[in-house]
Amino acid sequence: MDDYSRPWQSEGISSKIKHVVMEEGIQGIGDFSFVSCTELIDFQIPTTVTYMGEGCGSNQSDYCPKVETFNVAPGSTHYVSVDGVLYSADMTRLVRVPQNYPATEFNVPDSIETVDDEAFKECSNLQKVTIPENVKIIDGFLFFDCKNLTEIYLPASLGSASQFQ
């Protein structure tokens, strides 16, 4: 997606946005749609969103350091949010923990089988993460730049961990 398709990128508007509410009917969120939205606190995602591009959802908060929560409208068949964390609707994939997630500990739900690339990237408050036995796949740079993370519990059943940082 080019800059002209993100009108809030011009004239410093992006740094003033605190909440994003997407209306029903929006089907996808393009690559880096919310880049430089440094004051963004939460995303309201409609049931109609079926695609989140690079720099969105899975690592959107790289550019939005204050995001505390993802909220998905009830009834979505692609995504769900639980306590502000973004998952696949069937709860088998952890998509993203918000960068400014307020808790210091996070226990990945037992239903999760895959943890997406950069799912915990730059989560500044996290100190401890526990991943359950059900998880078989951990994608790259999972804990990249988690400055306060001191404890990670990985299951013996884990099949692979690529570029684990």
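A salt bridge here is a side-chain nitrogen of Lys or Arg within 4 Å of a carboxyl oxygen of Asp or Glu. By this rule the count comes to four, and three of those pairs are stops on this tour. The model is predicted.

**Stop 1: Glu39 and Lys66**

Select Glu39 and Lys66 and show their side chains, which form a salt bridge with an N to O distance of 2.8 Å. Glu39 sits in the loop between β2 (28-29) and β3 (42-45), and Lys66 in the loop between β4 (51-52) and β5 (69-72), so the pair ties together parts that are 27 residues apart in sequence. Glu39 is partly exposed, at 27% relative accessibility. Lys66 is also partly exposed, at 37%.

**Stop 2: strands β6 and β7**

Next select residues 79-82, which are strand β6, and colour them apart from β7; the two strands pair antiparallel over four bridges. The bridge partner of Tyr79 in β7 is Ser88. Follow the chain from β6 into β7: the two form a hairpin with two residues between them. Asp83, in this turn, has a positive phi of about 55°. Most residues other than glycine have a negative phi.

Now display the side chains of β7. Which of them point one way and which the other? Val85 and Tyr87 lie on one side of the strand, Leu86 and Ser88 on the other, and all are buried. In a regular strand the side chains alternate between the two faces of the sheet.

**Stop 3: strand β8 and its two partners**

Extend the selection to β8, residues 93-96, which runs antiparallel to β7 (residues 85-88) and is joined to it by two bridges. Four residues separate β7 and β8 in a hairpin, and Met91 in the turn has a positive phi of about 60°.

Centre the view on Leu94. In β7, Tyr87 stands opposite this residue. In β10, Val115 stands opposite Leu94. The pairing of β8 with β10 (residues 114-115) is parallel and also consists of two bridges.

Stay with β8 and select Arg93 together with Asp116. Their side chains meet in a salt bridge, 2.6 Å from N to O. Asp116 lies in the loop between β10 and β11 and Arg93 in strand β8, so this salt bridge ties together parts that are 23 residues apart in sequence. How do the two ends compare in accessible area? Asp116 is buried, with a relative accessible area of 10%, whereas Arg93 is partly exposed, at 27%.

**Stop 4: Val108**

Select Val108, in the loop between β9 (105-107) and β10. Is Val108 buried or exposed? Val108 has a relative accessible area of 5%, and because buried means under 20%, this residue counts as buried.

Show what surrounds Val108. Leaving aside neighbours within four places in sequence, Val108 is in contact with Leu94, Phe120, Thr130, Ile131, Pro132 and Val135. Leu94 is the residue of β8 that stands opposite Val115. For Val135, place a distance label between C-alpha atoms: Val108 and Val135 are 27 residues apart along the chain, and the label should read 8.9 Å.

**Stop 5: the open sheet**

Select β9, β11 and β13. These three strands form an open sheet in the order β9-β11-β13, with parallel pairing. β9 and β13 (151-153) stand at the edges with a single partner strand each, so one side of each has no neighbour in the sheet. Neighbouring strands of this sheet are turned by 5° against each other on average, direction ignored.

Look along β11, residues 128-130, which pairs with β13 in the parallel sense over three bridges. The bridge partner of Val129 in β13 is Ile152.

**Stop 6: Glu122 and Asp145**

Select Glu122, in the loop between β10 and β11. Glu122 is not a glycine, yet its phi is positive, about 60°. At 19% relative accessibility Glu122 counts as buried, because the cut-off is under 20%.

Finish at Asp145, in the loop between β12 (137-138) and β13. Phi of Asp145 is near 60°, again a positive value in a residue other than glycine. Which residue forms a salt bridge with Asp145? The partner is Lys147, with the closest N and O atoms 2.9 Å apart. Asp145 is partly exposed, at 33% relative accessible area, while Lys147 is exposed, at 63%.

Definitions and conventions
Residues numbered from 1 in each chain as written. Predicted model: local features only at pLDDT ≥ 70, side-chain atom pairs only at ≥ 80, totals over all residues. Heavy atoms only, no water. Pairing = 2+ DSSP bridges. Buried < 20%, exposed > 50% of the residue type's maximum accessible area, 1.4 Å probe, protein only. Contact = heavy atoms within 4.5 Å. Axes fitted to C-alpha atoms, helices over the stretch in contact; angles between N-to-C directions.
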